[in-house]
Amino acid sequence: MKSAAAAQASDGIDIHVVQPDGREKLIRASIGQSLLEMAQTHGIDGIVAECGGSMSCATCHVYIHDDDLARLPPPERMEDEMLDGVASERRTGSRLACQITLTAGLEGLRLTIPQDQY
Ligand code: FES
């Protein structure tokens, strides 16, 4: 028999997506998909993802909220370099959505979409 936490995690996890104007949407996301796939599946505005997730465009930039950063592994060198070229200001929580895989440990993650991707 599954524990309540395991049963809940198998349903997916809640992700809070905040638009640059403050509008917020709660998404029930599938574990194992990338943050980019979640955004595409749920029609989130503001993530362009021109390269389709192959880490060559930096137009899937998101700001992970400060309180949640420690739950993510740090960016690999290549992602870190790509983040230097994002259109909106790079901040502490800047990440590429195509490089973040959703896990049960990310339940309740909050992110904000930057103003510009170009
Ligand atoms: S979708 Fe192009 S770098 Fe993430």
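**A walk through the fold**

Of the 118 residues of the chain, 26% count as buried. Here a residue is buried if 20 or more other C-beta atoms lie within 10 Å of its own. Keep in mind that this is a predicted model.

Start with the parts list. The chain holds three helices and five strands. Read from the N terminus, the elements run α-β-β-α-β-α-β-β. The radius of gyration is 14 Å, close to the 13 Å that the globule rule gives for 118 residues, so the chain is as compact as a globular protein of that length. Its C-alpha trace spans about 50 × 30 × 25 Å along the principal axes.

Now turn to the strands. Five strands form an open sheet. Their order in the sheet is 2-1-5-3-4, and the pairing is mixed. Look at the edges next. Strand 2 (24-29) stands at an edge, and so does strand 4 (94-96). Each has a single partner strand, so one side of each is left without a neighbour in the sheet. The sheet also twists: from one strand to the next, the twist averages 35 degrees.

Zoom in on one pair. Strand 3 covers residues 61-64. Three bridges join strand 3 to strand 4, and the two run antiparallel. Which residue in strand 4 is the bridge partner of His 61? That partner is Leu 96.

Finally, step back to the contacts. Take those in the chain with a separation of 6 or more. Residues 24 or more positions apart account for 68% of them. For this count, two residues are in contact if their C-beta atoms lie within 7 Å.

Note on methods. Residues are numbered from 1 along each chain as its sequence is written. This is a predicted model: local features need pLDDT of at least 70, side-chain atom pairs count only at pLDDT 80 or more; totals for chains, interfaces and linings use all residues. Two strands pair if DSSP finds at least two bridges between them. Helices (H or I, at least four residues) and strands (E, at least two) are DSSP runs, numbered from the N terminus. Axes are lines fitted to C-alpha atoms, for helices over the stretch in contact, and angles run from 0 to 180 degrees between N-to-C directions. The radius of gyration is taken over C-alpha atoms; the globule rule is 2.2 Å times the number of residues to the power 0.38. A residue is buried if 20 or more other C-beta atoms lie within 10 Å of its own, exposed if 12 or fewer, and partly exposed in between; C-beta atoms are placed from the backbone.
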